[in-house]
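Biologist: I am new to this model and would like the reasoning behind the terms used for it. Please set each value against its cut-off.

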Amino acid sequence: MADTKVYRASTTAPVNIAVVKYWGKRDAKLNLPTNSSLSVTLSQADLRTLTTASCSNSYTEGDSLTLNGEAADVAGARTQACFRELRSRRAALEAADASLPKLSAMPVKLVSENNFPTAAGLASSAAGFAALVKAIALLYELPDSPAELSIVARQGSGSACRSLFGGYAAWRMGEKADGSDSKAELIAPASHWPEMRALILVASAAKKGVSSTSGMQQTVATSGLFQQRISTVVPANMASMEAAVHAKDFAKFAEVTMRESNSFHATCADTYPPIFYMNDVSRAAIRAVEQINAEAGETIAAYTFDAGPNCVVYYLEKDASTILGTFYKPLAEVTGWKEGAASIKSTVEL
Ligand code: 2P0
């Protein structure tokens, strides 16, 4: 009798924010980067994607994806690459053990929800592709480690490979043309530095003007500064950042985080025509962080910005009242922000 059972598995994946930034591809099809990167994983209580994957011969519509209650496209090359990789890994298991149900041949249905408002304008592709890959891997009972699965998630979205881990994750750029050594690994679990906190200041919920994919392609093609960034700046920052995390040296962590963000955005400005992701509110946030650090007489806060104007501020729990109490004042004058309404507080989580 034909197998019409529905097989199902659910999982979550966190959002990660890079403190050493991925910007530039040496292979756009496989999402192979021109430099290594390192990120901090945010608490899933605040920011995560929850995905349920199911498969069944009774699904007659083919593969499908529902994202935050709306039908989404699965025909894109990146999603297809993830499906293909995961199916071929499952098919290998089925070929080795004839008693296993033939899940690899069944249509897959994915239902995905973010627990943060889409209107917050936060990049969700990292958590989204990481959750997609984890959920299907769980459904298929694949024995692959998170590092192995990160190779699959990377093909969905580069930064997704770092969301297979909690805590502090590094994506090693690798050298091979097939991408088999371009994967993420855990640098330290969140429990290594439980005092770390992140505050996300939403400067604009609008969709970004230049997508990351096309922005980085333009940078690779036109920026002279970019060559120096990948040959000298990033390798030094990766080494300093790993040392700072291992030593729990916040001042060093903060300096490298801010220098990295500045270097990335300088490279964007050096792209021809230039790309501007930060706006006046972003620059006000930088000045507010500088003011907090100047008043404290030491570095207790670090800003970083990705391919958009929203600011992430890292700090330690002991400085929470200083950061949360004083951070809003100068910014509120510029932006009219209200605490709680325009920010998401987060701890770093395993
Ligand atoms: C990062 N960003 O390391 C950097 C910092 C944005 C600035 O990863 O084309 O969405 O899907 O591989 O991963 C954004 O790029 O790009 C990104 P694709 P992705 O987090």
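Modeller: In this predicted model, one open sheet has 5 strands in the order 1-6-9-7-8, and its pairing is mixed.

Biologist: What makes strand 1 and strand 8 the edge strands?

Modeller: Two strands count as paired if at least two bridges are found between them. Strand 1 (7–14) and strand 8 (70–72) each pair on one side only, so they are the edges. Across this sheet, neighbouring strands are turned by 25° against each other on average, with direction ignored.

Biologist: How do you know that strand 1 pairs with strand 6?

Modeller: There are 8 bridges between strand 1 and strand 6 (residues 48–55), and the cut-off is at least two, so the strands pair. They run antiparallel. Among the residues facing each other, A9 stands opposite A53 of strand 6, and R8 stands opposite S54.

Biologist: What joins strand 6 to strand 9?

Modeller: Strand 6 and strand 9 are joined by 7 bridges and also run antiparallel. T52, for example, has V111 in strand 9 as its bridge partner. Helix 2 (residues 125–139) lies across strand 1, strand 6 and strand 9 (108–114), at about 145° to strand 1.

Biologist: Which strands form the open sheet of 4 strands?

Modeller: Its order is 2-5-10-11, with antiparallel pairing. Strand 2 (16–20) and strand 11 are the edge strands, each pairing on one side only. From one strand to the next the twist averages 35°.

Biologist: How do you know that strand 10 and strand 11 pair?

Modeller: Strand 10 (residues 168–172) is joined to strand 11 by 5 bridges; at least two are needed, so this is a pair. The two strands run antiparallel. A170 has E185 of strand 11 as its bridge partner.

Biologist: Which helix lies across strand 2, strand 5, strand 10 and strand 11?

Modeller: That is helix 5, which runs at about 115° to strand 2. Strand 5 covers residues 37–41.

Biologist: Why are helix 5 and helix 6 called roughly antiparallel?

Modeller: Helix 5 (residues 224–247) and helix 6 (residues 250–269) pack at an angle of about 165°, with axes 10 Å apart. Angles over 145 degrees count as roughly antiparallel, and therefore the term applies to these two helices. Helix 5 passes helix 6 in a left-handed crossing. The contact includes L225, F226 and R229 of helix 5, and K252, F253 and V256 of helix 6. By class, the residues of this contact are 9 nonpolar, 4 polar and 4 charged.

Biologist: What makes helix 3 mostly covered?

Modeller: Of the 11 residues in helix 3, 9 are buried. A residue is buried if 20 or more other C-beta atoms lie within 10 Å of its own. Among the buried residues of helix 3 are P146, L149, I151 and R154. Their cover includes helix 1 (77–96), helix 2 and strand 11 (183–188).

Biologist: Is N31 buried or exposed?

Modeller: N31 has 24 other C-beta atoms within 10 Å. The cut-off is 20 or more, so N31 is buried. N31 sits in the loop between strand 3 (25–27) and strand 4 (32–33).

Biologist: What is the phi of N31?

Modeller: It is near 55° for N31, a positive value in a residue other than glycine. Most residues other than glycine have a negative phi.

Biologist: Why does E141 count as exposed?

Modeller: E141 has 12 C-beta neighbours inside 10 Å. A residue is exposed if the number is 12 or fewer, so E141 counts as exposed. E141 also has a positive phi, about 50°, although it is not a glycine. Its place is the loop between helix 2 and helix 3 (146–156).

Biologist: Where is the peptide bond from Y272 to P273, and is it cis or trans?

Modeller: The bond from Y272 to P273 is cis, with omega near -5°. Most peptide bonds are trans. P273 is found in the loop between helix 6 and helix 7 (280–296).

Notes:
Residues are numbered from 1 along each chain as its sequence is written. This is a predicted model: local features need pLDDT of at least 70, side-chain atom pairs count only at pLDDT 80 or more; totals for chains, interfaces and linings use all residues. Axes are lines fitted to C-alpha atoms, for helices over the stretch in contact, and angles run from 0 to 180 degrees between N-to-C directions. Angles under 35 degrees count as roughly parallel, over 145 as roughly antiparallel, 65 to 115 as roughly perpendicular and the rest as oblique. A crossing is left-handed if the near helix is turned anticlockwise from the far one by less than a right angle, and right-handed if clockwise. Two residues are in contact if their C-beta atoms, placed from the backbone, lie within 7 Å. Ala, Val, Leu, Ile, Met, Phe, Trp, Tyr, Cys and Pro count as nonpolar, Asp, Glu, Lys and Arg as charged, and the others, Gly among them, as polar.
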